[in-house]
Amino acid sequence: SGHPGDVWVVGNNAAGVSWINRVSGTAKTKADAQAIVDGKMDEAIAAWNALSAEEKARQLEPVKYTLP
């Protein structure tokens, strides 16, 4: 599925390589992909922290996570 930063996790196999080629994607190491996601999550967290209490009450707080 898709993650922040337009990161997608696919299997390291023929099907995964085929999908990457079909969508003109670029293979990344897991560490590189995690860094992209972390950067986007940091941006989302900073934006959420800048919201008023009323706005925060209407939105879920973004939380960093580890890619599978």
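Three salt bridges are counted in this predicted model. A pair qualifies when a side-chain nitrogen of Lys or Arg lies within 4 Å of a carboxyl oxygen of Asp or Glu, and each of the three pairs may be taken in turn.

One salt bridge joins the side chains of K40 and E43, with a distance of 3.8 Å from N to O. Both residues belong to helix α2, which covers residues 30–49, and because they are three residues apart in it, about one helical turn separates them. An α-helix has 3.6 residues a turn, so residues three or four places apart point the same way. K40 has a relative accessibility of 38% and therefore counts as partly exposed.

Another salt bridge pairs D42 with K64, and here the closest N and O atoms are 2.9 Å apart. This pair connects distant parts of the chain: D42 sits in helix α2, whereas K64 lies 22 residues away in the segment after α3 (53–57). D42 is partly exposed, its relative accessible area being 38%. K64 is likewise counted as partly exposed, at 41% relative accessibility.

The salt bridge between R58 and E54 has an N to O distance of 3.5 Å between the side chains. Both of these residues, R58 and E54, are exposed.

The wider fold gives these contacts their setting. The protein contains three helices and two strands, and along the sequence these elements follow the pattern β-β-α-α-α. Taken along the principal axes, the C-alpha atoms fill a box of roughly 50 × 20 × 20 Å. The radius of gyration is 15 Å, while a compact globule of 68 residues would have a value near 11 Å. Of the 68 residues, 16% count as buried.

The loops and helix ends hold further local details. In the loop between β1 (2–3) and β2 lies D6. The phi of D6 is near 60 degrees, which is a positive value in a residue other than glycine. With a relative accessibility of 65%, D6 counts as exposed, because the exposed class begins over 50%.

Further along the chain comes helix α1, which spans residues 14–22. At the start of this helix, a side-chain oxygen of N13 reaches to within 3.1 Å of the backbone nitrogen of A15. Just after α1, S24 adopts a positive phi of about 55 degrees, although S24 is not a glycine. S24 is placed in the loop between α1 and α2, and its relative accessibility of 65% makes it an exposed residue.

The final feature is the largest pocket, whose volume is about 570 Å³. It is lined by 24 residues, of which W8, I20, T26, A27 and K28 are the closest to its centre. The elements that give two or more residues to this lining are β2 (7–8), α1 and α2. Helix α1 gives the most to the lining of the largest pocket, with four residues. In terms of residue type, the lining divides into 13 nonpolar, eight polar and three charged residues.

Terms used:
Residues numbered from 1 in each chain as written. Predicted model: local features only at pLDDT ≥ 70, side-chain atom pairs only at ≥ 80, totals over all residues. Heavy atoms only, no water. Buried < 20%, exposed > 50% of the residue type's maximum accessible area, 1.4 Å probe, protein only. Polar contact = N/O pair within 3.5 Å; in protein donor to acceptor, adjacent residues only side chain to side chain. 1 Å grid on protein atoms, 1.4 Å probe; cavity = no way out; pocket = protein on both sides within 12 Å on 5 of 7 lines; lining within 4 Å. Points joined across faces, edges and corners; volume = space filled by probe spheres on them. Nonpolar A, V, L, I, M, F, W, Y, C, P; charged D, E, K, R; others polar. Rg over C-alpha atoms; globule rule 2.2 N^0.38 Å.
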